Amino acid sequence: MEDDIIAAGAEIIWVLEADTSGVAGTADSCMAFMDSVGSTQGWCVGDGETQPVPGTFDDSPFSIGRGFDIVVPRSTMVIEYSTSHGTPAGNDNLSGADVLQAVQDIVGGL
């Protein structure tokens, strides 16, 4: 879905909060994760290297110890959409098609 999301007008930023061993994410471990899931698009950030404070994404209200997706139009810098994914309980766990639809709706409304 990443090609479709980019074609819809979005950029993808992967943020790795921690690796499978629980070690804070780095740009290198983020790239290794992208490679492991076959991703070829987007920017990679390791939350352990987030500035000015490491762990900013992990400590955000979006994370709550799990993954999340947000859509932030560059023109407004306002979070227009957020959803959580990861462990099943209490998460939205939307599909790539659902995230694509959200991007299309937001970009279409700008």
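**Exercise 1. Find which residues Y81 is in contact with, leaving aside its neighbours within four places in sequence, and place Y81 in a nonpolar core.**

Solution. Leaving aside those neighbours, Y81 is in contact with D69, I70, V71, L94, D98, A102 and I106, where contact means heavy atoms within 4.5 Å. Before going on, note that this is a predicted model, in which local features need pLDDT of at least 70 and side-chain atom pairs count only at pLDDT 80 or more, while totals for chains, interfaces and linings use all residues. Residues are numbered from 1 along each chain as its sequence is written, and side-chain values use heavy atoms, with hydrogens and water left out.

The next step is the core, for which the term needs stating: a nonpolar core is a set of buried Ala, Val, Leu, Ile, Met, Phe, Trp, Tyr and Cys residues joined through side-chain atoms within 4.5 Å. Buried means under 20% relative accessible area, exposed means over 50%, and partly exposed lies in between, with a 1.4 Å probe and protein chains only. The largest nonpolar core has 11 residues, namely I5, A8, A10, I12, V71, Y81, V99, L100, A102, V103 and I106. Helix α3 (residues 96-108) supplies the largest share of this core, 5 residues. In soluble globular proteins, nonpolar side chains tend to be buried together.

**Exercise 2. Describe the order of the elements of the chain and work out how compact the chain is.**

Solution. Helices (H or I, at least four residues) and strands (E, at least two) are DSSP runs, numbered from the N terminus. The chain has 3 helices and 4 strands, and from the N terminus on its elements run α-β-α-β-β-β-α. The radius of gyration, taken over C-alpha atoms, is compared with a globule rule of 2.2 Å times the number of residues to the power 0.38. For this chain the radius is 14 Å, close to the 13 Å that the rule gives for 110 residues, so the chain is as compact as a globular protein of that length. Its C-alpha trace spans about 40 × 30 × 30 Å along the principal axes, and buried residues make up 30% of the 110 residues.

**Exercise 3. Work out which residues of helix α2 are buried, and which exposed residues lie on the face turned away from them.**

Solution. Helix α2 covers residues 27-36, and its buried residues are S29, C30 and M34. Seen down the axis of α2, these buried residues fall within an arc of 145°, so they line one face of the helix; the arc is that of the directions from the helix axis to the C-beta atoms. The face turned away from the buried side carries the exposed residues D28, D35 and S36. What covers the buried residues of α2 includes the strands β1 (13-16) and β2 (43-46). After α2 comes G38, whose phi is positive, near 80°.

**Exercise 4. Trace the disulfide of C30 and C44 and say where its two ends lie.**

Solution. A disulfide is a pair of cysteine sulfur atoms within 2.5 Å, and the structure holds 1 of them. The sulfur atoms of C30 and C44 are 2.0 Å apart, and with -90° about the S-S bond the link is left-handed. The pair links distant parts of the chain, C30 in helix α2 and C44 in strand β2, 14 residues apart. C30 is buried at 1% relative accessible area, and C44 also counts as buried, at 19%.

Strand β2 also contains G46, which is buried with a relative accessible area of 2%. Leaving aside its neighbours within four places in sequence, G46 is in contact with L16, G25, T26 and A27.

**Exercise 5. Locate the residues M77 and N93, which have a positive phi without being glycine, and the cis peptide bond of Q51 and P52.**

Solution. Most residues other than glycine have a negative phi, and most peptide bonds are trans. M77 has a positive phi of about 55°; it lies in the loop between β3 and β4 (81-85) and is exposed, at 59% relative accessibility. N93, with a positive phi of about 50°, is found in the loop between β4 and α3, where it is partly exposed at 36%. The cis peptide bond joins Q51 and P52, with omega about 10°, and P52 lies in the loop between β2 and β3 (67-71).
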